[in-house]
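Here are a few exercises to work through with the model open beside you. Try each task before you read its solution.

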Amino acid sequence: MDFQFSEEQRMFERSLREFLAAELPTERIRGLWDSERGRSDALWRSLAELGVLSVLVPESDGGLGLDERDFVLLAETCGYAALPEPLVDSALLSAPLLAAVGGEVAQRWLPALLAGEVRVAVATPLDLLVADADGAAAVLLAGGSAGDDDGELRLLVAPPADALHRQDSVDPSRRLFSRTPLGGGDLIAEGDTVRQLWARALNRGALGAAAQQLGAAARVLEYSVAYASERKQFGRAIGSFQAVRNQLADVAVALEFARPVVYRAADSLARGVATAARDVSHAWLAAGEAARMAARHGIQSHGAIGYTWELDLQIWLKRIWATDALWGGRAWHSERLETAVFSPDVALGAGHTFDEGT
Amino acid sequence: MNLSYSDCQHTFRAEARDWLASAVPATPLPSFDTKEGFAAHREWERCLHEGRWGTVTWPESYGGRGADLIEWLIFEEEYYRAGAPGRVNQNGIFLLGPTLMEHGTQAQRQRFLPPMAAGDTIWAQGWSEPNAGSDMAAIRCTAERHGDRYIINGQKTWSTRATFADWLFGLFRTEAGSERHRGLSFLLVPLDTPGITVRPVRQLNGLPGFAEVFFDDAECSADNLLGEEGGGWSVAMATAGFERGLMLRSPARYQEAARRLVSLYLAQRPAVDRDPSVRGAVLAAWMRAEAYTLATYATASRLLSGGHIGSESSTNKIFWSELDLELHSTAMSILGERAELQSTAVDCEAGGAWLEGFLFAQAGPIYAGTNEIQRNIIADRMLGLPRS
C-alpha cells in the first residue's frame, strides 16, 4: 500500500510543467485564439518529443509502456497550464486506441502521432461535439454516423471540409465541431472488443479531464491568493479579511480531498480493479466540485477585474466550466456511482475502500 | 503508487479481525460519560492492552506492536467494523502518548506510557479556560515554581473526560507576567491532588462529558513538566497536530457511518425518495467518507517515507468534522419524526445511535480548534495570505 508517486513520475511532471511554463505563457494562449487554426504544430511536436503522447502505448508499439498512474500528474499539469492542444485526449484515447487496434492501421498512424507529425481526434460514443476535428489527419469515430453505437470503431481519414461544422465554445481554446456530419470512414474494429476499448477509453478520458480540473482549480487558487495579497481596500490587503480568506481556504480543502480521489482512480484503472468505473466517476464528481468552487470563489475574490476579458483568470474559469459537462457530465457519473453504491450486493464500509481489502 | 495491501498487511488485518471477533463485548457498553460506563470502558482498555491491541503504533517496549500508520489504519478499520467500544483513553493514547514520545524524557516515558497503555491512568485535557477558548494563548492559569514543585492556581474548563479521569495534561503559565505564547509550560497533573476540584459539566446529551477544573494552590511535581519550562506552546502544538492531523479521527469511523447511512436509506427508499435531495446527500456523504479515507492513506504514506504532518492537520479537521455533520444530518432527515427519539423510546432507530451521533457531530467543528481557527491556519500557513 503506497499512495506516493515515484521520483520518476514526479520528474516527468516537473519536466512537463517547466516546459509549459516556458513555452505557453498566457500571451501565447491568447495568440492562438487569434490564429486561424488555434493550434501550434511546433508546440505539438515539442510535446511529442517529451514523450507525453507515448505514455500509455506499449513499448512494442513504440510507446513508453506505462499506465494511468504515470499520466495522471501530466494531465493535472496540462490543466494547470490550460494547454489548448488536445494532448490529454490524444495520449489517453487516440494513441492507445490505435495501438489496441494494431495491424496496418496502427503501423500507418501511430508512429506519426507519437512523433507529433499528425493529430488524431476522437469522437466517443458519448459525444455530441468533437474537439479538434479540423486539425486532425484522421478522426477515430464510435459507430458510423449515429454517434451512439459503441460497437464499432471507424477511422475517418482527412475529414472533408464540408463535414466540419464549427461550433464556438465559451472557451476560445476549444475547437469544437458537430458530431453528426462526421460519418463514414473505414471500419477498423467491431464487436465486444470495441465495447471494451470504448469502456476503457471513456474511463481514461474522464480521468484525464478530472485531473485537468484539479490543475485548473489549483491555478485559479494561485491567482486568487496572489491577487488578494496585493489588492488593497480599506487600507489593507483584501486577503487579510476573513470573508475572503475563508473562501480561499475552502477551495484549498476541497482540492486537498479531491486529489487523492483522482489519484486512486488512476491506480484503479491501471490495475484494472473491479471498482475502476465507480472510482473514475467519484474522481469526476470530486474534481468537478473542487474546480467549480475554485472558479466561483476565484472570481469573487478578484471583484470586477475578475469579470473582464483582459484578466487571464478567464482562461481557467472557462476551461473549468466547459470541462465540467464533458464525458457524460455530472448526471452520467452520479448515475454510475449510484448504481455502484446503492447496490445491495456491494460491500461498503471500513475495510472496503480498496477492492481486495475485505 | 500501488493501492493494494501487501501479504503482511492482509495477515495483520486477519489477526486483528480474529482477536476482535472474540474480544468485543456482545452488547454495547454504557456511555463512558457515566460512572459505570467509564469503569466498563476502563476494563475494555485493559482487555485491549492484554491482547496488545490497545496501542498498536507504540513500540513493543511500551506495550504496542510497533505498527506503522498503514497498519494502524487497517486496525482501526477492523475496530470500527467490529463495533468495538469507544476509546475512553483517547486523550492519553492518541494525543499525549505521541507527545510524550516526542518531547518526554526517558524517565517520563517509562513512568507514564505503560500505565496509560494498560488503562490504569485515563487522561483528561486541560486547555480551555473561561477567557481562553479559541484564543488559547490567553491562558491565565498559573503554575508557580517552588523548588521541585509547581503551585497551580486558576481554572480550566471544557475539560473532556475530566469528570472521571485520573490525570490531566494541559498548559499553565509558569512565568509570572509573561504574555501570549511565551512563559507557558506543559504539565501533567494527577486529578486527585489536594486543592483540585472537579465540577462536572453536562453536555448536550445530558451526560457530564466535560468538567470545570479548579486549582487552588494545587501542588505538582516538577518531574511532571513535559518539555522545557516556558516552552509549553510548541509541545501543545505538537499535541494539537496529532489531534487534528491523523489520530483523533481515523477514517474507519466515517466509512462505517456511511455504510450505515446507505443501508438506512436503502431500507426506507421509496418513502425517502419523495424528497429527491436526500438521495444526493447520501451519495455525497459516502463520497466524502471515501475521500477522507483516501486522503488519510495518502498522508500516512507520506509520513511513512519521512514526511511530517503539516497543513493536513487543519484541512483534515475541517473535512472530518463537516463530514460527520453531513452524515448525521442526512440520517436525521431520513428518520423523519423518529429522528428525535432517544434510546429509551420504543420506536427509536438503531438504539438511538444516529441521534447520539448527530448531537456529537455538532461539537466537531468546535473542539480541537474551531473550524474558523483552522481556516485561519490554512489561509496563513498553507496559502500564505496576509494575516488578518
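**Exercise 1: domains of chain B**

Which domains does the domain assignment of chain B give? Then describe how domain 1 of chain B meets domain 2 of chain B.

*Solution.* Keep in mind that this is a predicted model.

- Step 1: Start with the bounds. The assignment splits chain B into domain 1 (7-87), domain 2 (123-232) and domain 3 (249-382).
- Step 2: Take the C-alpha centres of domain 1 and domain 2 of chain B; they are 29 Å apart.
- Step 3: List the contact residues. Domain 1 of chain B contributes five residues and domain 2 of chain B four residues.
- Step 4: Sort the domain 1 side of chain B by class: one nonpolar, two polar and two charged residues touch domain 2 of chain B.

**Exercise 2: the three-stranded sheet of chain A**

Find the strand order of the open sheet of three strands in chain A, and decide which strands lie at the edges.

*Solution.*

- Step 1: Read off the order, which is β2-β6-β5 in chain A, with antiparallel pairing.
- Step 2: Look for strands that pair on one side only. These edge strands are β2 (129-131) and β5 (166-168) of chain A.
- Step 3: Follow the twist, which averages 45° from one strand to the next.
- Step 4: Zoom in on one pair. β2(A) and β6 (residues 175-178) of chain A run antiparallel and are joined by three bridges. Here L129(A) faces S178(A) of β6(A).

**Exercise 3: the four-stranded sheet of chain A**

Is the pairing in the open sheet of four strands in chain A purely antiparallel or mixed? As a reminder, strands of a sheet pair through backbone hydrogen bonds, in a parallel or an antiparallel way.

*Solution.*

- Step 1: Trace the order β1-β3-β4-β7 in chain A; the pairing is mixed.
- Step 2: Mark the edges, β1 (120-123) and β7 (186-190) of chain A, each of which pairs on one side only.
- Step 3: Add the angle. Ignoring direction, neighbouring strands of this sheet are turned by 20° against each other on average.
- Step 4: Check the pair at the β7 end. β4 (residues 152-157) of chain A and β7(A) are antiparallel, with four bridges. R154(A) has L187(A) in β7(A) as its bridge partner.

**Exercise 4: where the chains meet**

Which helix of chain B gives the most residues to the side that touches chain A?

*Solution.*

- Step 1: Count both sides of the contact: 46 residues from chain B and 45 residues from chain A.
- Step 2: Collect the elements of chain B that each supply at least two residues, namely α3 (69-81), α7 (252-267), α9 (276-304), α10 (312-335) and α12 (371-382).
- Step 3: Pick out the top contributor, α9(B), with 13 residues.
- Step 4: Finish with the classes. The side of chain B that touches chain A holds 26 nonpolar, 11 polar and nine charged residues.

Note on methods:
Residues are numbered from 1 along each chain as its sequence is written. Chains are lettered from A and ligands numbered from 1 in the order in which they are written. This is a predicted model: local features need pLDDT of at least 70, side-chain atom pairs count only at pLDDT 80 or more; totals for chains, interfaces and linings use all residues. Two strands pair if DSSP finds at least two bridges between them. Axes are lines fitted to C-alpha atoms, for helices over the stretch in contact, and angles run from 0 to 180 degrees between N-to-C directions. Domain bounds come from an automatic or database domain assignment. Two residues are in contact if their C-beta atoms, placed from the backbone, lie within 7 Å. Ala, Val, Leu, Ile, Met, Phe, Trp, Tyr, Cys and Pro count as nonpolar, Asp, Glu, Lys and Arg as charged, and the others, Gly among them, as polar.
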